[in-house]
Amino acid sequence: MRLLTFLLAASALLPAAPVLSAEPKETAVTASQQAPEDTGALTLERVFASPSLAGPVPRAVKLSPDGRYVTVLRSRPDDRERYDLWGFDRNAGQWRMLVDSRKLSSGRELSETEKMQRERQRIGDLKGIVSYEWTADSQAVLVPIDGDLLLAGLDGSVRKVSGTKGGELDPSLSPKGAHVAFLRERRLFVGPVDGSSEAQAITPAETSATVHWGEAEFVAQEEMNRFKGYWWSPDGSRLAVERFDEAKVGTVTRAAIGADGTKTFEQRYPAAGTPNAEVSLWVIGADGQSRVQVDLGADQDIYLARVDWAPDGKTLYVQRENRAQTRLDMLKVDPATGKAEALFTEKAAEGSWINLSDAYRFLADGSLIWWSERDGFGHLYRFEENHHLESQWQRLTKGPWVVTDLVGVDQKAGRVTFVGTRDDVLAPQVYALDLKQPEKLERLTDPAFHNSAAMDRKGQTLVITRSADAQPPQSYLADASGKRLAWIEENRVEGAHPYAPFLASHRTTAFGTIPAEDGTPLHWMMITPPLEPGKRYPVFSYHYGGPHAQVVSKGWQGALAQAIVDKGYIYFAIDGRGSDNRGVAFESAINRAMGSVEVADQLAGARFLKSLAYVDPARVSTFGWSYGGYMTLKMLEKHPGEWAAGVAVAPVTRWELYDTHYTERYLGDPTKEPKVYETAGALADAAKIKDPLMLIHGMADDNVVFENSTALIGKLQGEAVPFEMMLYPGFTHRIGGPKVSKHLYETVFRFLDRHGVGSGN
């Protein structure tokens, strides 16, 4: 499981229809600009109500294959969690709703499998349309909704894909658009899009319920950011298909405790130190008539990390990772025979691990743009398979910064576009380089904003999303040079924008650094209420602290942080060692040492706060969710008296309960290194907690299972340690919703008030 980072930004996607404009203003909206009259303090109720205060932020922006339409998913003004498909006709210059999710909804409850898939994709709270795919002729979109698979035409027609019965998962159109594949009842089906015949299963019917075809296994979805288990060849004639068998994976009984009763699910869960699913890979004809197994090597205890077809379809490339996650082999596979050879190997630095990435691209000339941390920072390289060359590797980027995403490659122009932190780790920018002169980087975005980007397949049209302190996310179309062509959503905070009434009282975020114990600079951010001379203020300190997450950012922090400040608190966060985007050495500080340096760095942040004249040193609280909840426990255990109170939401308390891929990456195998797990856990020292603690957990959590909290509850009660608790029946790791989110945070602030932390506002 990827530990879910619950940042305080309450920025769900928004209501008002996007507007394209060819003559935009370039500056972000600031608090000094004209805004409607302030309606008063920002309340928790308003933060979580509809429409979202972040404004109209579209999801899943795509261009139709013919380039005529820009399509987005956007939420409704009256329901921020329900999404419809909208399209902008670039010829007519008009927006219109292409697919109304309410009209197409059957109201059918999703299967447990699909619910869990959505949880792992972190979209479990969304309704309506959550994904879609254009047909090759740009005349229709494939839309999964409520377990049905529909084909919606631009002419308004809607029909169910032939051969579907409901409950289809992971649909995907073939590259040429003639066929559609999907999963049903643990098998992979393929059928014609035009409905001329029903879809047929192309994988065998297995007698064992532990065998799945075409599906990504649990740890792939939860930890490896791989949600697909099959891959179309470029010509659509065959598919690479994963098969996994969970027979050796341990079974846990997951109790989804709800308000009206309890449902139990027998879930195959690969806990740290226990067997994973047995995974194999096959090449299967689209008609199901041929099937060849890929040779993944003699060691079966491996991870199938990534699978890609070469652009010409003659080669299949497979990334194979060892169980210890210290080695990654790129395999070159003959799809006709399944024979494989290692093309190259990435090895982790001593005391570190391999971080998987999607920042790579196979090119038509046979070369590969590849992301690697081999020099201590994540950078781009070009690999050419030519054994006559002295070096097969060309370095494209370098320096003490990281490439965070490979956006696109214009192969004809030899131009690579990517996102990186060269100018500011707190505000990533979009850059481009020429393969012939890679040392000359061109920045394509405004450094005043935090940027991300996507690109069309040809690497010629950009979709850039950006935000700033007082500017919720904006998105626009740009050419390859970064020149804006049109807004997708300008989202200016003015007029009827939901956040406009609160803009005048928006408090600007301050940034800075303090040194860690070893001198490493640690970035912090702080939002204060208007400071009165001589007055000292309480602090709401938010932390995550774990790997693969960065909290401190110059982007939009969301309305929740501002609502906390409106309560009279100072909002503070600091990224300690172990967090993301600072290089291998910075992240690897937690290797075999979770709950150590990252706790020390939060302590450094707390002591920095107490040194400030306007901070009340007796009222510094701390709040964390998931890994952050675990951090709250470790902080209170190791440093009693440093924090006035702590809140732990859905905390990990025993790492042995967590899954293989995540936990073993950082802590190793518990059967070989039990002391590491004992030290990293949060139960052994629970009796040392002397400060007020509130524990919060969703009782149907399938990520950090509820057993983590029951183990802690038993330990605290057995040691007569007082604590407070709030449980949410029926909720998973994401405890959320307009009323429930309000309830959760009001519970937190009442707890802080009871223990003298609150501001009294």
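Which residue forms a salt bridge with Glu719, and how far apart are the closest N and O atoms? The partner is Lys715, and the closest N and O atoms are 3.8 Å apart. The legends below refer to a predicted model.

**View 1. Salt bridge between Glu719 and Lys715.** Side chains of opposite charge can pair when their charged atoms come close. Here the two partners are Glu719 and Lys715. Glu719 is partly exposed, its relative accessible area being 40%. Lys715 is also classed as partly exposed, at 29% relative accessibility. The whole structure contains 36 salt bridges by the search applied; two further examples follow in Views 2 and 3.

**View 2. Salt bridge between Arg395 and Asp375.** The N to O distance in this side-chain pair is 2.1 Å. Arg395 belongs to strand E28 (residues 393-395), whereas Asp375 lies in the loop between strand E26 (368-372) and strand E27 (379-383). The two residues are 20 apart along the chain, and the pair links distant parts of it. Arg395 has a relative accessible area of 33% and is partly exposed. Asp375, at 31% relative accessibility, counts as partly exposed.

**View 3. Salt bridge between Glu517 and Arg577, and the network that includes both residues.** The closest N and O atoms of Glu517 and Arg577 are 4.0 Å apart. Glu517 sits in the loop between strand E37 (510-515) and strand E38 (521-527), and Arg577 in the loop between strand E40 (570-574) and helix H7 (584-587), so the salt bridge ties together parts that lie 60 residues apart in sequence. The accessibility classes of the partners are as follows: Glu517 is exposed, with a relative accessible area of 71%, while Arg577 is buried, at 7% relative accessibility. A network of salt bridges links Glu517, Asp518, Arg577 and Asp601.

**View 4. Helix H6 (residues 559-566) and its surroundings.** Of the eight residues of H6, seven are buried, so the helix is largely enclosed by the rest of the structure. The buried residues are Ala559, Leu560, Ala561, Gln562, Ala563, Ile564 and Val565. Their cover includes helices H1 (44-48) and H13 (738-754). Strands E38, E39 (537-543) and E40 are also among the covering elements. Just after H6, Gly568 has a positive phi of about 100°.

**View 5. Open antiparallel sheet of four strands.** The strand order is E10-E11-E12-E13. Strands E10 (169-173) and E13 (200-201) are at the edges; each has a single partner strand, so one side of each is left without a neighbour in the sheet. Strand E12 (residues 187-192) runs antiparallel to E13, and two bridges join them. Within this pairing, Phe189 is opposite Ala201 of E13.

**View 6. Stacked aromatic pair of Phe182 and Phe189.** The search of the whole structure gives 39 aromatic pairs. In the pair of Phe182 and Phe189, the ring centres are 5.6 Å apart and the angle between the planes is 5°, a stacked arrangement. Phe182 is buried, at 0% relative accessibility. Phe189, with 9% relative accessibility, is likewise buried.

**View 7. Edge-to-face aromatic pair of Tyr627 and Tyr630.** The ring centres lie 5.2 Å apart and the planes stand at 75°, so the pair is edge-to-face. Both residues belong to helix H9 (residues 627-638); they are three residues apart, and about one helical turn separates them. An α-helix has 3.6 residues a turn, so residues three or four places apart point the same way. Tyr627 is buried, with 0% relative accessibility, and Tyr630 is buried at 0% too.

**View 8. Aromatic cluster.** One cluster is formed by Tyr317, Phe344, Tyr360, Phe362, Trp370, Tyr381, Phe383 and Trp393.

**View 9. Charged ends over the rings of Tyr132 and Trp282.** The charged end of Lys62 sits over the ring of Tyr132, at 4.5 Å from the ring centre. For Arg291, the charged end sits over the ring of Trp282, 6.0 Å from its centre.

Key:
Residues numbered from 1 in each chain as written. Predicted model: local features only at pLDDT ≥ 70, side-chain atom pairs only at ≥ 80, totals over all residues. Heavy atoms only, no water. Pairing = 2+ DSSP bridges. Buried < 20%, exposed > 50% of the residue type's maximum accessible area, 1.4 Å probe, protein only. Contact = heavy atoms within 4.5 Å. Phe/Tyr/Trp six-rings, centres within 6.5 Å; stacked < 30°, edge-to-face > 60°. Lys NZ or Arg CZ within 6 Å of the ring centre and 35° of its normal.
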